[in-house]
Amino acid sequence: MKEARDARRVTIVEFPSYQLAKACYDDAAYKEARQFALRASNRELLIIEGDFA
């Protein structure tokens with residue numbers, strides 16, 4: 001497998017726009033929840049702009 005990452009699970013979330021995805025990430029409620037998520041798992045989060053359909 002080329003360029004494989006050591007990941008057991010991959011989750012993809014599609015937003016209507018790149019701007020909305022960034023706004024969700026910067027939202028105060030998510031910032032609070034993110035503290036727990038970062039302690040609970042080792043993860044890599046990417047926000048990518050483009051049409052993947």
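Before I place any residue, let me say that helices here are DSSP runs of at least four residues, labelled H or I, and that they are numbered from the N terminus. With that in hand, Glu-14 can be placed in the segment before H1, and I should add straight away that what we are looking at is a predicted model.

Let me start with the chain as a whole. The protein chain has 2 helices and 0 strands, and of its 53 residues 4% count as buried. Its accessible surface comes to about 5600 Å², and 51% of that surface belongs to carbon and sulfur atoms.

Now to the segment before H1, where, besides Glu-14, we also find Val-10. Glu-14 is exposed, because its relative accessible area is 75% and the cut-off for that class is over 50%. Val-10 counts as exposed as well, in its case at 67% relative accessibility. Both residues can be related to positions much further along in the numbering: Glu-14 and Asp-51 are 37 residues apart in sequence, and their C-alpha atoms are 9.9 Å apart in space, while Val-10 and Arg-43, 33 residues apart along the chain, have C-alpha atoms separated by 9.7 Å.

Moving on to the surface, which residues form a nonpolar patch there? They are Val-13, Phe-15 and Leu-20, which together have about 260 Å² of accessible area. Of these, Leu-20 lies in helix H1, which covers residues 18–26, and at 40% relative accessibility Leu-20 counts as partly exposed.

The residue I would like to spend the remaining time on is Arg-34, which sits in helix H2, residues 28–40. Is Arg-34 buried or exposed? Its relative accessibility is 14%, and since buried means under 20%, Arg-34 counts as buried. Despite being buried, Arg-34 has no salt bridge, and the nearest side chain of opposite charge, that of Asp-26, is 5.5 Å away. A salt bridge would need a side-chain nitrogen of Lys or Arg within 4 Å of a carboxyl oxygen of Asp or Glu.

What, then, lies beside the side chain of Arg-34? One of its polar atoms is 3.2 Å from the backbone oxygen of Tyr-25. If we leave aside residues up to four places away in sequence, Arg-34 touches Tyr-25 and Arg-43, and Arg-43 is the residue we already met in the C-alpha pair with Val-10.

Definitions and conventions
Residues are numbered from 1 along each chain as its sequence is written. This is a predicted model: local features need pLDDT of at least 70, side-chain atom pairs count only at pLDDT 80 or more; totals for chains, interfaces and linings use all residues. Side-chain values use heavy atoms; hydrogens and water are left out. Buried means under 20% relative accessible area, exposed over 50%, partly exposed in between (1.4 Å probe, protein chains only). Lys and Arg count as positive and Asp and Glu as negative; His and the chain ends are not counted. A polar contact is a pair of N or O atoms within 3.5 Å; within protein, one must be able to donate a hydrogen and the other to accept it, and residues adjacent in sequence count only if both atoms are side-chain atoms. Contact means heavy atoms within 4.5 Å. Accessible areas come from the Shrake-Rupley method with a 1.4 Å probe; for residues, only the protein chains shown count as cover. Patches are made of residues with over 30% relative accessible area and no salt bridge: like charges are joined within 9 Å, nonpolar side chains (Val, Leu, Ile, Met, Phe, Trp, Tyr) within 5 Å.
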